[in-house]
Amino acid sequence: MAEPNIVAEFSTISGTDEELAKYYLTENGNDLERALNMFFANQSCQDDVIILEDEDSPERRVQSEPVAAEESDEDVICLDDTMETEAASSSSAGLPISDTRSAGDRHLKLISWNIEGLEKEMLKERTVAVINTLKRESPDVVFLQEVIPLSLNMLQERFCDSYHVFPGGKFAYFTAILLKKETFHLETVLVEPFPNSQMLRNLIIAKAKCQGISLQLMTSHIESMANQSEERKSQLRSIFARMTGAGTDTVSIFGGDTNAKDREIFDLARERSDIEDVWETVGSPPESRFTWDMSQNDNLNMNGGKPRLRYDRVYLHQKTKSLSPVNFSLIGKERLACGMFASDHWGILTDFKVHQDSTSASRGT
């Protein structure tokens, strides 16, 4: 584990957060110079992950083939059926979470989850638990944050046949979007870096059609740390502008780890006046409020502190009522056999009812 003074020095020089500093230092044997060299080399390569909206150019398209795993014996993860069975049996929730669906209704199911990929302790077991939850719930859309190349490989191995898998980066940690192939007609996917981010943060935007509805689906891991409040709000402003500027016929959904305090969201009330906070729309259920809840989740040692925050959120914007949120619940709350939870964040499971009169006769057109 990296020494606190080295972590602090890395953070000061790079202008990034403590978790990213720990990642680079651990990868480089706590050698500060090597870690900084890797960080700045990776930062200069971020242009490689920008995906342009030019579908006629094959070399510009998103590649969803597995990313090569790092060459380290301890990092190589072999995902086998035995491991999945053990992880599933350690969960108290063996069935999908109940929803409000009725026969004949059309629904869109979405999960957003920061899966704590930067924490290497029990990473294999925890990622398998995430995979098992996704398999059990079978969502149409998955927004993931804090994905690392190794966990991405595991996700692609299990879901490449049934989902389009789009990572938002190649290095350190990043976000990803998974779209169920049978649900969507995919149009474009692009990654937009936040120009002033010091933590390599960006926004993935997927445009697709589902049941006759044009959708803009977005995820991000917004800038963290208390001293980055203004940058955090700037990134959220750009997301809200994207949502409201998508066009009359487009429904926009954003889900992700905002790292935002309630007061910061309040400061953006004007920018999101036409945007629904899905948790609020379904009645602000108190049991689903805190997605980062150290009073229940002990994956992180908070030195006795037990903060409870609603970092993770789902937002909806639509000019015509095409979707109605009908459920907002938390997942990943089962303690695993290894003694940890799948992540230090609870995942969000949302369910949207698709209005029949907003869809065309043919699905996915």
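Me: Before we look at the sheets, what makes two strands count as a pair?
Reply: Two strands pair if DSSP finds at least two bridges between them. Keep in mind that this is a predicted model.

Me: Got it. So which strands make up the sheet that has β1 in it, and in what order?
Reply: That one is an open sheet of six strands, in the order β3-β4-β2-β1-β14-β13, and its pairing is mixed.

Me: Which strands stand at the edges there?
Reply: β3 (163-167) and β13 (323-331) do. Each has a single partner strand, so one side of each is left without a neighbour in the sheet.

Me: And how much are neighbouring strands turned against each other?
Reply: On average by 15°, ignoring direction.

Me: Zooming in on β3, how is it joined to β4?
Reply: Five bridges connect β3 with β4 (residues 174-180), and the two strands run antiparallel. For one residue of this region, F166, the bridge partner in β4 is I177.

Me: What holds paired strands together in general?
Reply: Strands of a sheet pair through backbone hydrogen bonds, and they can be parallel or antiparallel.

Me: Which helices lie across this sheet?
Reply: Helix α5 (residues 123-137) lies across β1 (106-114), β2 (141-147), β13 and β14 (347-354), and it runs at about 170° to β1. Helix α6 (residues 149-159) lies across β2, β3 and β4, at about 165° to β3.

Me: Moving on, what's the strand order in the open sheet with β5?
Reply: It goes β5-β6-β7-β8-β12-β9, so six strands with mixed pairing. The edge strands are β5 (185-193) and β9 (276-277), and each pairs on one side only.

Me: How many bridges join β9 to β12?
Reply: Two, with the strands running antiparallel. Across from Y315 in β12 you'll find D277.

Me: Which strands does α7 touch when it packs on that sheet?
Reply: α7 touches β5, β6 (202-210), β7 (213-221), β8 (250-257) and β12. The direction of α7 makes about 175° with that of β7.

Me: Switching to rings: how many aromatic pairs are in the whole structure?
Reply: The search finds five. One of them is F240 with Y315, an edge-to-face pair at 5.2 Å centre to centre with 90° between the planes.

Me: Where do F240 and Y315 sit?
Reply: F240 is in helix α7 (residues 229-244) and Y315 is in strand β12 (residues 312-317). They are 75 residues apart, so this pair links distant parts of the chain.

Me: Are those two buried or exposed?
Reply: Both F240 and Y315 are buried.

Me: What kind of pair do W292 and Y311 form?
Reply: A tilted one, at 5.5 Å centre to centre and 35° between the planes. W292 is in strand β10 (residues 292-293) and Y311 is in the loop between β11 (308-309) and β12, so the pair ties together parts 19 residues apart in sequence.

Me: Why does W292 count as buried?
Reply: Because its relative accessibility is 11%, and buried means under 20%. Y311 is buried too, with a relative accessible area of 10%.

Me: New topic, how many disulfides are there?
Reply: The count comes to zero disulfides.

Me: What about C160 and C338, how accessible are they?
Reply: C160 is partly exposed, with a relative accessible area of 34%. C338 also counts as partly exposed, at 26% relative accessibility.

Me: Where is S224, and what is it in contact with?
Reply: S224 is in the loop between β7 and α7. Leaving aside neighbours within four places in sequence, S224 is in contact with D17, M199, R201, R232 and N259. S224 is buried, with a relative accessible area of 10%.

Me: Which residues of α2 are buried?
Reply: In helix α2 (residues 18-27), the buried ones are L20, A21, Y23, Y24 and L25. Just after α2 comes G29, which takes a positive phi of about 60°.

Me: Last one, how many helices and strands does the protein chain have?
Reply: Nine helices and 14 strands. Of the 365 residues in the protein chain, 54% are buried. The accessible surface of the chain is about 16,100 Å², and 47% of that belongs to carbon and sulfur atoms.

Note on methods: Residues numbered from 1 in each chain as written. Predicted model: local features only at pLDDT ≥ 70, side-chain atom pairs only at ≥ 80, totals over all residues. Heavy atoms only, no water. Disulfide = S-S within 2.5 Å. Buried < 20%, exposed > 50% of the residue type's maximum accessible area, 1.4 Å probe, protein only. Helix = DSSP H or I, 4+ residues; strand = E, 2+ residues; numbered from the N terminus. Axes fitted to C-alpha atoms, helices over the stretch in contact; angles between N-to-C directions. Contact = heavy atoms within 4.5 Å. Phe/Tyr/Trp six-rings, centres within 6.5 Å; stacked < 30°, edge-to-face > 60°. Areas by Shrake-Rupley, 256 points an atom, 1.4 Å probe, with all protein chains shown as cover.
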